[in-house]
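Here are some short exercises on charged side chains, each with a worked solution. Have the sequence and the model open as you go.

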Amino acid sequence: MINQDGMAVEYPEYETLKVTRAAPHVLSVEMNRPTKLNAMNIQFWSDVRNCFETIESDDDVRAVILSGSGRMFTSGLDLTESPFTAFSDEVARAGLAIRRIGKEWQQAFTNIEKCGKAVIACVHGACIGGGIEMIAACDIRYCTKDAYFVMAEVNIGMAADVGGLQRLPKLMGNQSLVRELCMSGRRFGADEAMQHGFVSRLLENRDTMMEAALELAKQIACKSPVATLGIKEFLNYTRDHTVQESLDFSLAWNMSILTRVPSFFGCTIISLKGN
């Protein structure tokens, strides 16, 4: 794996993640706390933030498969660990500390969204709380038929704040349903997730799902990484802007990409003839 300077990119041994090369140009990132149901402890947020920051600079990676080890994707926030217990008794300073930690946690999932590579989330079993917020930052979501989802933050007396309430309404497209799920904390299954567009495929079991995700990742990895980056940037920009603003953005982007128009289209025609 190489970075933009042609140097090999090394992935460290993360405490909560297992990073492996699944195929040429395809990286597997697996949450790796199976005995804790992949609960998101304090270290998890740093690991995810740093891992996807490294992925962004790894030119050898074109697609990422995100999954969970053990019997479920994730049980959500690890409530046995809290960074909030050592705060100052002074309210203002405690508030600033909460803000700092919150922004670090938000950045972890934002790094997934902004890594420039196609990220395929593979959910089996439960996907609770922060798990939904995590996969909402991914590009593509697969799940097994027995998977289920819970926006559980309301059940512990808080509003989700690491991306779920910001991204979920733009993914599912049904404001009434999104508010129902977030305000009630009720469980919704794979069929309902599929029906409302939160996932794009239902697979029989975890093995079948991982095989399907790998095939898709390899297909994406065969495409131009510049094109994949452009598609991801265009879609993310369009989600947050008007149609006209997005059209202008796409032209500004492609002005640099298509500067060498003859050679670009010449190579494209040769490629199509070869296929």
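## Exercise 1: a pair between two helices

The side chains of lysine 170 and aspartate 240 form a salt bridge, 2.8 Å from N to O. A salt bridge here is a side-chain nitrogen of Lys or Arg within 4 Å of a carboxyl oxygen of Asp or Glu. The model is predicted, so local features need pLDDT of at least 70 and side-chain atom pairs pLDDT 80 or more, while totals for chains, interfaces and linings use all residues. Residues are numbered from 1 along each chain as its sequence is written, and side-chain values use heavy atoms, leaving out hydrogens and water.

Task: Work out which parts the pair ties together.

Solution:
1. Place lysine 170 in helix 4 (residues 164-172) and aspartate 240 in helix 8 (residues 225-240). Helices are DSSP runs of H or I with at least four residues, numbered from the N terminus.
2. The pair therefore ties together parts that are 70 residues apart in sequence.
3. Lysine 170 is partly exposed because its relative accessibility is 47%; that class lies between buried (under 20% relative accessible area) and exposed (over 50%), with a 1.4 Å probe and protein chains only.
4. Aspartate 240, at 40%, also counts as partly exposed.

## Exercise 2: the partners of an arginine

Task: Find which glutamates form salt bridges with arginine 186.

Solution:
1. Glutamate 180 is one partner, with the closest N and O atoms 2.7 Å apart.
2. Glutamate 192 is another, also at 2.7 Å between the closest N and O atoms.
3. Elsewhere, shared partners join Glu113, Arg167, Lys170, Arg239 and Asp240 into one network of salt bridges.

Technical notes
Helices (H or I, at least four residues) and strands (E, at least two) are DSSP runs, numbered from the N terminus.
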